[in-house]
Amino acid sequence: MITKIRPATYKDLPEIMPIYDIARDFMRSTGNEGQWINGYPTEKFITEEIEAGHSFICENSAGEIVGTFCFIIGEDPTYLKIYDGQWLNDELYGTVHRIASSGKEKGVAKACFEWCFTQCPNIRVDTHRNNIVIQKILGSLGFHYCGIIYVSDGSERLAYQKKI
């Protein structure tokens with residue numbers, strides 16, 4: 001059970017990076033071959049997110065790190081243009097990126113989103129077309145499919161939003 005979400009620190013990196021390895025393997029095993037390739041996200045990238053205050057971890061009741069994610073409140077440049085749909089609103093929003101679980105606890109994504117909604121009532125998220133697992137989770141949490149966005153490398157993502 002997730003009992004605590006807190007900002008990640010540099011000291012957490014040796015536990016965070018293997019969680020991304022586990023998540024990459026899980027995605028491959030569920031038919032999502034194209035997401036988080038070539039070692040993404042790198043330790044340098046996660047270090048920059050920690051510096052910026054955007055990296056968070058989930059701990060279980062034993063204090064073990066069992067999940068990690070990025071959360072940023074404010075405009076995401078890749079969300080300025082949406083195709084084949086529209087955002088639910090243009091109000092201030094938070095964006096969730098790179099949710100990863102160690103697989104040792106169920107409900108990491110749900111806990112992440114619930115915590116994010118305590119920080120901002122309007123959340124946007126995007127995912128690869130082949131990431132069926134997170135699409136099902138988003139649907140179960142009441143997120144609305146809004147359309148397609150393109151990230152900085154030009155690749156397509158499915159875009160979702162929920163406001164409480």
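**Exercise 1. Decide what the cysteines do.**

At 0% relative accessibility, Cys-58 counts as buried (under 20% relative accessible area, with exposed over 50% and partly exposed in between; 1.4 Å probe, protein chains only). The model is predicted: local features need pLDDT of at least 70, side-chain atom pairs count only at pLDDT 80 or more, and totals for chains, interfaces and linings use all residues. Residues are numbered from 1 along each chain as its sequence is written, and side-chain values use heavy atoms, with hydrogens and water left out.

Task: state how many disulfides the structure holds.

Solution.
- Step 1. Take the criterion: a disulfide is a pair of cysteine sulfur atoms within 2.5 Å.
- Step 2. For Cys-58, the closest cysteine sulfur belongs to Cys-112 at 3.6 Å, too far for a bond.
- Step 3. For Cys-116, the closest cysteine sulfur is also in Cys-112, at 6.5 Å, again too far for a bond. Cys-116 is buried, at 0% relative accessibility.
- Step 4. The structure holds zero disulfides.

**Exercise 2. Place Asn-60.**

Task: say which strand holds Asn-60 and which residues Asn-60 touches.

Solution.
- Step 1. Asn-60 is part of strand 2, residues 55-60. Helices (H or I, at least four residues) and strands (E, at least two) are DSSP runs, numbered from the N terminus.
- Step 2. The relative accessible area of Asn-60 is 7%, so this residue is buried.
- Step 3. Leaving aside residues up to four places away in sequence, Asn-60 touches Met-1, Ile-2, Thr-3, Val-66 and Glu-105; contact means heavy atoms within 4.5 Å.

**Exercise 3. Describe the largest pocket.**

Task: give the volume of the largest pocket and say which element gives the most to its lining.

Solution.
- Step 1. On a 1 Å grid over the protein atoms alone, a pocket is an open set of points where a 1.4 Å probe fits, with protein on both sides within 12 Å along at least five of seven lines; lining residues have an atom within 4 Å of a point.
- Step 2. The largest pocket holds about 1,300 Å³ of space, the volume being that filled by probe spheres set on the points, which are joined across faces, edges and corners.
- Step 3. Its lining has 45 residues, and Gln-35, Trp-36, Arg-98, Ile-99 and Asn-131 lie nearest the centre.
- Step 4. Strand 4 gives the most to this lining, with six residues. Among the other elements that supply at least two residues are helix 1 (13-29) and helix 2 (43-52).
- Step 5. By type, the lining divides into 21 nonpolar, 14 polar and ten charged residues.

**Exercise 4. Trace salt bridges along the chain.**

Task: from the ten salt bridges in the whole structure, find the sequence separation for Glu-49 with Arg-98 and for Glu-91 with Lys-163.

Solution.
- Step 1. A salt bridge is a side-chain nitrogen of Lys or Arg within 4 Å of a carboxyl oxygen of Asp or Glu.
- Step 2. In the bridge between Glu-49 and Arg-98, the closest N and O atoms are 2.1 Å apart. This pair links helix 2 to strand 4, 49 residues apart. Glu-49 is buried at 6%, and Arg-98 is buried at 13%.
- Step 3. Glu-91 and Lys-163 form a bridge whose closest N and O atoms are 2.4 Å apart. Glu-91 is in the loop between strand 3 and strand 4 and Lys-163 is in strand 7 (residues 156-163), so the pair ties together parts 72 residues apart in sequence. Glu-91 is partly exposed at 39%, as is Lys-163 at 40%.

Terms used
Nonpolar A, V, L, I, M, F, W, Y, C, P; charged D, E, K, R; others polar.
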